Amino acid sequence: VNANALSLTGGESPIRKRADFRQALLSWYDAFGRDLPWRVRDGGAVDPYRVWLSEIMLQQTTVAAVRGYFLAFTARWPSVEALAQAPGAQVMQAWAGLGYYSRARNLMAASRLVAAQGWPPDEAGLRALPGVGAYTAAAIAAIAYDQQANVVDGNVERVIARLFAITTPLPVAKSALRAAAADLAVGIRPGDYAQALMDLGSTVCTPRAPRCESCPVARFCAGRAAGLAAGLPAKTAKPARPQRHGVAFLAVRQGQGLLVRRPPRGLLGGMLALPCSAWTLEPATTAAIAAAAPVRAAWTDLGAVTHIFTHFSLQLHVWRADIEGQDKSDGDWRPLAALESAGLPTVFKKAVRLGLGLR
Ligand code: SF4
């Protein structure tokens, strides 16, 4: 095994080895780190608002998906005070399509707290903000405040498992991976170090086929030395996602479609949506679905869209009825051409497209 490789028990001069590792990673970051709209390079002043906003957006969401939303949000609400004063419906609409909508509700609550009280000064204080979990608090403390913090997400877990050749499968290995990451986390330039490790995981130490030949820390990597890198971290098989079934209703009258606002709590809470039935494990009977329809009408089943949520996948049938002769029921009627851009969550956008014959 390579004498430079990191090990949990520490080898010869482990502290020196860790300092060398950090230096190699930071030099690579200075030369090759990603340019991201929320990132400040070369020691510039960091705005906690931009770091916090980006970290909330990046929860469960890719950099590519976040980039445009981040630019739009910061152009419209350039400070936490501006966001705190924004009407909730505008923020929800601007968030539409990014998913995990409880984040937008927490964003508004946290912005009001911060606008009133200022930014919490450390990781523990940040952790108390709505929507800020352990990872996000550590990331903000490191990146915005340059404080020592152990910033560990799935990306970092993978890099650490490989660097230390930890073969215990996830999720059992989580605490060992955190401990190994903590062991490396202390040192110079904490904010840059955290971002460098993220970049390494995103661009070099990728899930499949890590590019070890161009890795700046390859000489420290026990996983590579042992020929195990690509197979780590090991994972115990996940149970399959359950399948749920539901129906969304597109009622059309005089060129307009009916939307509803979902209840404030729960999945997609507070978002605009098509009226729909409950989403159940067994498909509901036709009679039960008809009873859930917003108006009595001759409904036609146009087929289904599928959407993957974290804990289940949904097969959502789209029923459409053209109700020209009937009175409009109460509700939020919008021109059909405006439905897609009304700020619907992605699953309902898909349903609208199917309902309007756009796919
Ligand atoms: S050498 Fe390979 S496995 Fe090890 S950290 Fe670098 S890219 Fe990842």
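Two strands are taken to pair where DSSP finds at least two bridges between them, and strand S4 (residues 300-308) and strand S5 pair in this sense, running antiparallel over seven bridges. This pairing is a handy place to enter the structure, which is a predicted model. Within it, His-307 of S4 has Leu-314 of S5 standing opposite. The link from S4 to S5 is a hairpin of four residues.

Before following the strands further, a look at the whole chain helps. The chain contains 15 helices and six strands. Along the principal axes, its C-alpha atoms fill a box of roughly 85 × 45 × 30 Å. Of the 359 residues in the chain, 45% are buried. Contacts over long stretches of sequence are also part of the picture: among contacts between residues at least 6 apart in sequence, 70% join residues at least 24 apart.

Strand S5 (residues 313-322) has a further partner in S1, and here the two strands run parallel, joined by 10 bridges. One of the residue pairs can be named, with Ala-251 bridged to Ala-321 in S5. On strand S1 (residues 243-253), nine of the 11 residues are buried, so this strand is largely enclosed by the rest of the structure. In a regular strand, side chains alternate between the two faces of the sheet. S1 also pairs with strand S2 (residues 256-261), in the antiparallel sense and over two bridges. There, Val-252 has Gly-257 of S2 as its bridge partner. S1 and S2 form a hairpin with two residues between them, and Gln-254 in the turn shows a positive phi of about 50°. Taken together, S1 meets S5 in parallel and S2 in antiparallel fashion, while S5 is antiparallel to S4.

Attention now turns to the helices. Helix H9 (residues 154-163) and helix H11 (residues 190-204) have axes that come within 9 Å and cross at roughly 80°. Angles of 65 to 115 degrees count as roughly perpendicular, which means that H9 is roughly perpendicular to H11. On the H9 side, the contact involves Asn-155, Val-156, Arg-158 and Val-159, and these meet Leu-197, Met-198, Leu-200, Gly-201 and Ser-202 of H11. By type, the residues of this contact divide into five nonpolar, three polar and one charged.

Two arginines in a loop complete the picture. Arg-34 lies between helix H1 (14-32) and helix H2 (48-58), and Arg-39 is placed in the loop between H1 and H2 as well. Leaving out residues up to four places away in sequence, Arg-34 touches Arg-39, Arg-41, Val-63, Met-198, Asp-199, Ser-202 and Thr-203. With Asp-199, the side chain of Arg-34 makes a polar contact of 2.7 Å to the partner side chain. Arg-39 has a relative accessible area of 10%; the cut-off for buried is under 20%, so Arg-39 is buried. Its side chain reaches the backbone oxygen of Arg-34 at 2.8 Å, and a polar contact of 3.3 Å joins the side chains of Arg-39 and Tyr-29. With neighbours within four places in sequence set aside, the contacts of Arg-39 are Tyr-29, Gly-33, Arg-34, Gln-195 and Asp-199. Asp-199 thus appears in the contacts of Arg-34 and in those of Arg-39. As a gauge of distance across the chain, the C-alpha atoms of Arg-34 and Leu-336 are separated by 41 Å, with their places 302 residues apart along the chain.

Definitions and conventions. Residues are numbered from 1 along each chain as its sequence is written. Side-chain values use heavy atoms; hydrogens and water are left out. Buried means under 20% relative accessible area, exposed over 50%, partly exposed in between (1.4 Å probe, protein chains only). Axes are lines fitted to C-alpha atoms, for helices over the stretch in contact, and angles run from 0 to 180 degrees between N-to-C directions. Angles under 35 degrees count as roughly parallel, over 145 as roughly antiparallel, 65 to 115 as roughly perpendicular and the rest as oblique. Contact means heavy atoms within 4.5 Å. Ala, Val, Leu, Ile, Met, Phe, Trp, Tyr, Cys and Pro count as nonpolar, Asp, Glu, Lys and Arg as charged, and the others, Gly among them, as polar. A polar contact is a pair of N or O atoms within 3.5 Å; within protein, one must be able to donate a hydrogen and the other to accept it, and residues adjacent in sequence count only if both atoms are side-chain atoms.
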